[in-house]
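Me: I've just opened this one and don't know where to look. Can you show me how to read it, starting with the vocabulary?

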Amino acid sequence: MDLKVYYSHKPFWRAEVLRVSLFIGEIVFEDVRITMEEFEEVILTGKLRKSITIPFHQLPVLEIDGEIIGQTAGIARYCGKLSNLYPKDDLLASKVDQIIDTATDITNLVSPTVREKDKNIKRKMREKLTNKLLPRWFTYLEKILEKNKHSNWFVDNKMSIADIAMWRLLGWFKSGILEGVPTDISESYPKLNNIHTEVHKHPKVQEWMLKTYGKEI
C-alpha cells in the first residue's frame, strides 16, 4: 500500500493525528509537506502542483494507492484502523468520533480569529475565546473524561486517535501562537490537560517530534 499525507510544515492537529498514528503503528507513508503558496493554490483551484485534484479544496488529504481522500475525521479513522488506534467496537468508535468532531468544532471557533486583520476586533474575539467559548468546550471534554473513571484516556483504557488529536489541539494553545489566549488555558481542566501530558510522553510520539521537528513541540 502506497500512502501519502499532504499538509504544510505546521504540526497542526488535523495533519498530526494522521502522521503520528501511522508512525506509532509503524505504517510506512510519505510525509508530503507543501508550501503556503501551494496551499493557497489548493484553496483557489482544488489542484495541487497543477495535477493532483484535492476534494473540497482543503488539506490535509490522504493519498491511498493514487486515490486522494479528504476530510480529517474520515482519514483519521482510516489511519487509526491501520495503526490499531481506532476501536473495532461500534460504540467505542462513536466515542472516538465525537472527540475528533469536537476538535473540529473548537478549531472552527478559533479560525475566524486567525483570519481577522483588525487588531481591535481580533483582541475582542480572542477575549471571548478565552473567557467564554474555550472554557465551555473544555468543560464538556473534562466531564467526558470524569465519567471514564477507570482510564486516563477518552475511550476505553488505551490511547486512540481521539487522544492524539486533542494532544495537538491543546498544543496549539500551549504554543503561544494564539496571541491573547493564555498558554495555560487548559490547566484548569486536569483530566483534559493530562491527555496532553500522557500523549506527549509516549515514546513513539517523542521519537516522532525529535525526528521530524528536532525538538518537542
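Reply: Sure, residue classes come up a lot: Ala, Val, Leu, Ile, Met, Phe, Trp, Tyr, Cys and Pro count as nonpolar, Asp, Glu, Lys and Arg as charged, and the others, Gly among them, as polar. By that split, the lining of the second largest pocket has five nonpolar, two polar and three charged residues. Keep in mind that this is a predicted model, where local features need pLDDT of at least 70 and side-chain atom pairs pLDDT 80 or more, while totals for chains, interfaces and linings use all residues. Residues are numbered from 1 along each chain as its sequence is written, and side-chain values use heavy atoms, with hydrogens and water left out.

Me: Which residues line that second largest pocket?

Reply: Rolling a probe the size of a water molecule over the atoms shows where empty space is left. A pocket is an open set of points on a 1 Å grid over the protein atoms alone where a 1.4 Å probe fits, with protein on both sides within 12 Å along at least five of seven lines; lining residues have an atom within 4 Å of a point. Here the lining is Leu92, Lys95, Gln98, Ile99, Ile144, Lys147, Asn148, Phe154, Val155 and Asp156. Helices α4 and α5 each give two or more of them, and α4 has the largest share, four residues. Helices (H or I, at least four residues) and strands (E, at least two) are DSSP runs, numbered from the N terminus.

Me: And what is the volume of the largest pocket?

Reply: About 1200 Å³, counted as the space filled by probe spheres set on grid points joined across faces, edges and corners. Of its 31 lining residues, the closest to the centre are Tyr7, Phe12, Thr107, Ser111 and Trp172. Again α4 (90–115) gives the most, with six residues. The lining divides into 13 nonpolar, eleven polar and seven charged residues.

Me: How do I read a helix? Which residues of α2 are buried?

Reply: An α-helix has 3.6 residues a turn, so residues three or four places apart point the same way. In α2 (residues 36–45), Glu38, Phe39, Glu41 and Val42 are buried (under 20% relative accessible area; exposed is over 50%, partly exposed in between, with a 1.4 Å probe and protein chains only). They sit on the same side of α2 because they cover an arc of only 160° around the axis, taken from the directions from the helix axis to the C-beta atoms. On the other side, Glu37 and Leu44 are exposed. The buried residues pack against β1 (3–8), β2 (30–34) and β3 (47–48). After α2 comes Gly46, with a positive phi near 75°.

Me: Which residue other than glycine has a positive phi near 60°?

Reply: Most residues other than glycine have a negative phi, and most peptide bonds are trans. His57 is the one near 60°; His57 lies in the loop between β4 and β5 and is partly exposed at 35% relative accessibility. Lys50, in the loop between β3 and β4, has a positive phi of about 70° and counts as exposed at 70%.

Me: Where is there a cis peptide bond?

Reply: Between Leu59 and Pro60, with omega about 10°. Pro60 is in the loop between β4 (52–53) and β5 (61–64).

Note on methods. Contact = heavy atoms within 4.5 Å.
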